[in-house]
Amino acid sequence: MSATTAEFVLSAPAYRDCPAVTLPEICFAGRSNVGKSSLINAVVGRKKLVKTSNVPGKTRAMNYFRIDERWFLVDLPGYGYAKVSKSERDRWDTETRTYFRNRPSLRLVISCVDARHEPQKLDLDFIFWLGSNAIPFAVVLTKADKISANQRQKALAGARRMLKNMNIEVPVLLTSSESKDGIDDVRELIADFVEHNNDTE
Ligand SMILES: Nc1nc2c(ncn2[C@@H]2O[C@H](COP(=O)(O)OP(=O)(O)OP(=O)(O)O)[C@@H](O)[C@H]2O)c(=O)[nH]1
Ligand SMILES: [Mg+2]
C-alpha cells in the first residue's frame, strides 16, 4: 500500500535541527545519485514528494517527511559526491554519524546500493560502520530495471556475500523505482520496523 498522507516537515542542515522525537523514523542513505529520492517517491507512491535529479548532490540536508501521521521518513544527502568540498563532506559525515548513533527514534536505515555495480569502497565502509555500531539497517539494491535477470541474481548474491564476509545479517532487497519491482517489499519492511520496536511510544 502506498501512503495516504505524506507531508514535508522540515529540512535539517544539522543534527540539532531534527524535529522533536515523536514518531518512529526510517532513513534512506547511500551514494549520491544511487536513486534514494526516486526510491522514496516510489515507496510513498508520490511522483514528486522528493526532488530527484540528474545532477548529483541535490539533497544537502536531512529532509523530514511525515507519512500517514505514523512515521517520519528521512531523506539523507548522498555520500561520495566529488564536487562537494572536502570540508562540507567532513561536516556531513560528522552530522550523519551523530544522527545515526544518537537519534532514539531511528528504527531502520535503508542503505541503498546501485545493483549494477559491486558495492564500492564508500558503500562497504558505510555498511561496515552501521554493522559495527549496531544500527538497524537493510541493504536495498536500486535501478534493477537497468540490468538483466541474470545480473540481478548476481547482484543479490554479491550483496549477500559482502554482508556475510562482514559477519552482518540484515535483509537484502532488490528494487526498481522505474518498474516498481521490489517496492512492496520495501513497504513491508518499513511497516515491520515502524510497527514492531515500539521504544519511542
Ligand atoms: N532506470 C532507473 N533510473 C533510476 C532509478 N532510480 C533513480 N533513477 C535515476 O537516477 C538518477 C538519480 O536519482 P535520484 O533519486 O535523484 O538519486 P539520489 O540518490 O536521491 O541522488 P542525490 O540526492 O544526489 O544523492 C535520476 O536520473 C533518476 O531518474 C531506477 O530505479 N531506474
Ligand atoms: Mg536525493
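Which residue in β3 is the bridge partner of Glu7? Keep that question in mind while you move through this model, which is predicted, and begin with the whole chain before selecting any single strand.

**The whole chain**

Show the protein chain as a cartoon and colour it by secondary structure, so that 5 helices and 7 strands can be picked out because they are runs of at least four and at least two residues respectively. Following the chain from the N terminus, you pass through the elements in the order β-β-α-β-β-α-β-α-β-α-β-α. Turned along its principal axes, the set of C-alpha atoms fills a box of roughly 45 × 40 × 35 Å. The radius of gyration is 16 Å, which agrees with the value near 17 Å that a compact globule of 201 residues would have. If you switch to a surface, the chain exposes about 10,300 Å², of which carbon and sulfur atoms supply 48%, while 49% of the 201 residues count as buried. Among contacts between residues at least 6 apart in sequence, 75% join residues that are at least 24 apart.

**The sheet**

Next, select the strands and hide the rest. They form an open sheet of 7 strands, which you can trace across in the order β1-β3-β4-β2-β5-β6-β7, and the pairing is mixed. At the edges lie β1, residues 6–12, and β7, residues 172–174, each of which pairs on one side only. Looking across the sheet, you will find a twist that averages 25° from one strand to the next.

**The β1 and β3 pair**

Now select β1 together with β3, residues 62–67, which pair in the antiparallel sense over 6 bridges. Here the opening question can be settled: display Glu7, and its bridge partner in β3 is Arg66.

**The helix on the sheet**

Bring back helix α2, residues 86–102, which packs on the sheet and touches β1, β2 (25–30), β3, β4 (71–75) and β5 (106–114). If you orient the view along β3, the direction of α2 makes about 35° with the direction of that strand.

**A stop at Leu76**

Finally, select Leu76, which is found in the loop between β4 and α2. Is this loop residue buried or exposed? Leu76 has a relative accessible area of 2%, and it therefore counts as buried, since the cut-off for that term is under 20%. To close the tour, select Thr96 as well and draw a distance between the two C-alpha atoms: Leu76 and Thr96 are 20 residues apart in sequence and 8.2 Å apart in space.

Conventions: Residues numbered from 1 in each chain as written. Chains lettered and ligands numbered in written order. Predicted model: local features only at pLDDT ≥ 70, side-chain atom pairs only at ≥ 80, totals over all residues. Heavy atoms only, no water. Pairing = 2+ DSSP bridges. Axes fitted to C-alpha atoms, helices over the stretch in contact; angles between N-to-C directions. Contact = heavy atoms within 4.5 Å. Rg over C-alpha atoms; globule rule 2.2 N^0.38 Å. Buried < 20%, exposed > 50% of the residue type's maximum accessible area, 1.4 Å probe, protein only. Areas by Shrake-Rupley, 256 points an atom, 1.4 Å probe, with all protein chains shown as cover.
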